[in-house]
Structures are given as structure tokens and as C-alpha cells.
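Okay, everyone, thanks for coming. I'd like to walk you through one model today, so let me put it up on the screen.

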Amino acid sequence: MKLNVTWGASLTALLGSAFLAFGLYHVHSFSGVTEGGVLGMTLLLEHWLHISPALSGFVLNAACYALGWKLLGREFLAYSALSSAAFSLSYKVYEQFDPLWPQLAQMPLAAAVLGAVFVGVGAGVCVRAGGATGGDDALAMSAARLTGWKIEWIYLLSDFLVLALSISYIPLKRIGYSVLTVILSGQIIGLIQRLPLPSRRTSS
């Protein structure tokens, strides 16, 4: 069967992934404010095992997609694969440069809000295009199917689980800012999904 994948949506997914990777590198990885889910896990692995998110993000996402591929449409998987690859490539490029805002390490509230904007807009645009930059969606759908829980509780549980693990290298005081960025980024993603698409003009 032919995949209904468009150039416009593919470009949107690429740009959203690059935007997300930019924020994760220049804000989250240097500010001490982390994310939940797969994004937060990549930062955790980077800190303790010195594994670049460019590699760990790709591996973790692939594992999540493999777990949930039966529950997802083919177009979603295609856009998600494109987004994941674009995120890893973009992050690898950004790693070649110094961070733009190292002072955010002393400004956790600003880092939490700015980081939420990058994550919310980047991930939200990719989801709106038809895919996802991370495997959180596939993992949440699979877990919801297996447990019967509501999917929003699966998302919340995975985020807080990663944040709890992140206490091993992030001071408890800063975890509160991480909770803030998780909540804000989730709201931004939801807002972008609800935005109406521009109507097409019909020829008379």
C-alpha cells in the first residue's frame, strides 16, 4: 500500500525536530532543568554514562516504536522515523558549538519556561505534521493498551519516573523547575494540536 506522506508535512516535521534539538542542547543540557520521558532519559544517560543524546535518543525512540508499531498507522511511523533521524542529526550538529546561553545555569525559572517553549513548539509541530520526535507516544499507547489506563496518566507517570531518577544528578530544588517545564511543554503541545488549519481556497 502507498504511504500518504507529503513534502509539506515532512518539511514541517524536519523543522520541528531541529527546533526541539536546538532547545534541548542550548537550554536543557546546560541549565540543570530536565525533561521527562525519552528526552529526560537521554539527558540522564548523557550525565552518568556520557552517551550523546544523538545516539541514545535514536536507540530509545527506535525501541519504543518497535514496541508500539502495531498500534500506529504507517504514516505516523514514517513521519516519526523522519523526525527522530532529524532530531539526532540536528543535535549532533549543535554539539559542535558552544552553548548560546550558559548563564541559564543560574536562571532555572527562565530555563524552565524557555525550555518548555522549545520542547512544546518543536514536539507539537511534529505531532501536528503526523509524527513525533520521540517514542513517548508509541510507548504510552502500548502501555495504555496493556494496562487499560488512560493515556494521559501514562504520559504523566513516565515523566515523573524519569524526573525521580534525575534527582540522582539534579538537586531536588531544581526538579521543581523540571516539573514546571514538563507541565508547560505539555500544554503547548496540546494547544498546537488544537489550532485550526488554514482553509484552502476553492476555485469558483
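Before anything else, one cut-off, since I'll lean on it throughout: a residue is buried when its relative accessible area is under 20%, exposed when that figure is over 50%, and partly exposed in between. Take K92 as the test case: its relative accessible area is 44%, so K92 lands in the partly exposed group. And yes, this is a predicted model, so please keep that in mind.

While we're on K92, it sits in helix α4. Its C-alpha is 8.4 Å from that of P53, although the two positions lie 39 residues apart in chain numbering. Hold on to P53, please, because that residue comes back in a minute.

Let's zoom out. What does the protein have in the way of helices and strands? Eight helices and zero strands. So if you read along the sequence, you get α-α-α-α-α-α-α-α. There are 204 residues, and 42% of them are buried. Take the contacts with a sequence separation of 6 or more: 79% of those involve residues 24 or more positions apart. As for the outside, the accessible surface is about 11,300 Å², and carbon and sulfur atoms account for 70% of that.

Now the inside. The largest nonpolar core has 11 residues: A18, L20, A21, L24, Y25, L39, L43, F87, Y91, Y94 and V119. Which helices each supply at least two residues of it? Those are α1, residues 7-31, α2, residues 37-49, and α4, residues 74-94. The largest share is from α1, with five residues. There's also a second core, separate from that one, with six residues, including V27, L104, A111 and F118. As a general remark, nonpolar side chains in soluble globular proteins tend to be buried together.

Click on Y91 for me, one of the residues in that largest core. If you skip its neighbours within four places in sequence, Y91 is in contact with A21, L24, Y25, S29, E46, P53 and A54. There's P53 again, as promised.

On to how the helices pack. Start with α1 and α5: their axes are 8 Å apart, at an angle of about 160°. Anything over 145 degrees counts as roughly antiparallel, so that is the label for α1 against α5. The crossing of α1 past α5 is left-handed. If you want to look at the contact itself, the α1 side includes A9, A13, G16, S17, L20 and G23, and among the α5 residues they meet are L114, G115, V119, G122 and C126.

Compare that with α5 and α8, which are residues 108-129 and 172-194. Here the axes come within 7 Å and cross at roughly 30°. The cut-off for roughly parallel is under 35 degrees, and therefore α5 and α8 go down as roughly parallel. This crossing, α5 past α8, is right-handed.

Next, two serines in α4. S83 is in that helix, and so is S80. Are they buried or exposed? Buried: S83 comes out at 0% relative accessibility, and S80 also comes out at 0%. Again leaving out neighbours within four places in sequence, S83 is in contact with A13, S17, C126, A132 and T133. For S80, counted that way, the partners are Y65, G131 and A132. So A132 turns up in the contacts of S83 and in those of S80.

Then there's L60, over in α3. With 26% relative accessibility, L60 is classed as partly exposed. Beyond its sequence neighbours within four places, L60 is in contact with V38, M41, T42 and L45. From C-alpha to C-alpha, L60 and D136 are 9.4 Å apart, with a sequence separation of 76 residues.

Last stop, a backbone detail. Most residues other than glycine have a negative phi. Now look at H50: its phi is near 60°, a positive value, and H50 is not a glycine. Where is H50? In the loop between α2 and α3, the latter being residues 53-68. As for the side of the cut-off it falls on, H50 has a relative accessible area of 68%, so it is exposed.

That's my tour; let's talk.

Methods:
Residues numbered from 1 in each chain as written. Predicted model: local features only at pLDDT ≥ 70, side-chain atom pairs only at ≥ 80, totals over all residues. Heavy atoms only, no water. Core = buried A, V, L, I, M, F, W, Y, C linked by side-chain atoms within 4.5 Å. Buried < 20%, exposed > 50% of the residue type's maximum accessible area, 1.4 Å probe, protein only. Helix = DSSP H or I, 4+ residues; strand = E, 2+ residues; numbered from the N terminus. Contact = heavy atoms within 4.5 Å. Areas by Shrake-Rupley, 256 points an atom, 1.4 Å probe, with all protein chains shown as cover. Axes fitted to C-alpha atoms, helices over the stretch in contact; angles between N-to-C directions. Parallel < 35°, antiparallel > 145°, perpendicular 65-115°, else oblique. Left-handed = near helix turned anticlockwise from the far one by under 90°.
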